[in-house]
Amino acid sequence: MSASQLPEAIINSTTHGLADMLAKEAIKDVEARYCRYLHTIQWDGFGNLLTADTKMDVREDTGMDPVRGVAVIVAQVRFAVHHAYSSHQVHTPQVQLSSPDSARAVWAMQDRGVWQPDNSPVEGVGSITGY
């Protein structure tokens with residue numbers, strides 16, 4: 001059977017499936033650049049990945065209130081890793097497209113931060129490992 005003989009529903013389903021797959025891959029690429037820019041201290045590139053309405057919430061790890069806005073988030077992350085050796089490993093992404101311009105993504109992640117003595121942004125903490 002040639003492509004011209006395929007039912008319209010199959011063609012539309014395949015096209016839609018390919019578009020979804022490409023959108024999901026683009027989201028995964030952003031996460032990879034986020035980790036790379038963070039660890040290579042490329043703050044402009046890191047900030048360019050964030051939208052103006054981005055909110056960062058690390059209360060679980062730090063007890064600090066959530067922050068909003070590119071400049072504030074970049075400054076907080078920069079401060080947090082300035083005197084640290086850090087590593088973030090992200091695996092097995094689950095990306096759900098909820099509309100043509102929005103998605104929700106969850107990654108299994110392991111991160112590790114080890115600060116130089118007396119330079120931790122979290123009082124009394126010399127290292128953090130999270131899963």
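A nonpolar core is taken here as a set of buried Ala, Val, Leu, Ile, Met, Phe, Trp, Tyr and Cys residues joined through side-chain atoms within 4.5 Å. In this predicted model, the largest such core has 12 residues: Y37, L38, W43, F46, L49, L50, M56, V67, I73, V74, V77 and V81. Two or more of them come from each of α1 (8-39), α2 (43-48) and α4 (70-81), and α4 provides the largest share, with 4 residues. A handy place to start looking is I73, which touches L50, T54, K55, M56, V67 and R68 when residues up to four places away in sequence are set aside.

Further along the chain, strands β3 (residues 84-99) and β4 (residues 102-115) pair in the antiparallel sense over 13 bridges. The two strands form a hairpin with 2 residues between them, and V95 stands opposite A105 in β4.

Turning to the pockets, the largest has a volume of about 1,800 Å³. Its lining comprises 44 residues, with Y34, M56, D57, V58 and M109 nearest the centre. Elements giving two or more residues to this lining are α1, β1 (55-56), α3 (59-62), α4, β3, β4 and β5 (127-130); β4 gives the most, 10 residues. By class, 27 lining residues are nonpolar, 9 polar and 8 charged.

The second largest pocket has a volume of about 170 Å³. L38, H39, I41, W43, R78, V81, H82, A84, Y85 and S86 line this pocket, where α1, α4 and β3 each give two or more residues. Here the largest share, 3 residues, belongs to β3, and the lining divides into 6 nonpolar, 3 polar and 1 charged.

Methods: Residues numbered from 1 in each chain as written. Predicted model: local features only at pLDDT ≥ 70, side-chain atom pairs only at ≥ 80, totals over all residues. Heavy atoms only, no water. Buried < 20%, exposed > 50% of the residue type's maximum accessible area, 1.4 Å probe, protein only. Contact = heavy atoms within 4.5 Å. Pairing = 2+ DSSP bridges. 1 Å grid on protein atoms, 1.4 Å probe; cavity = no way out; pocket = protein on both sides within 12 Å on 5 of 7 lines; lining within 4 Å. Points joined across faces, edges and corners; volume = space filled by probe spheres on them. Nonpolar A, V, L, I, M, F, W, Y, C, P; charged D, E, K, R; others polar.
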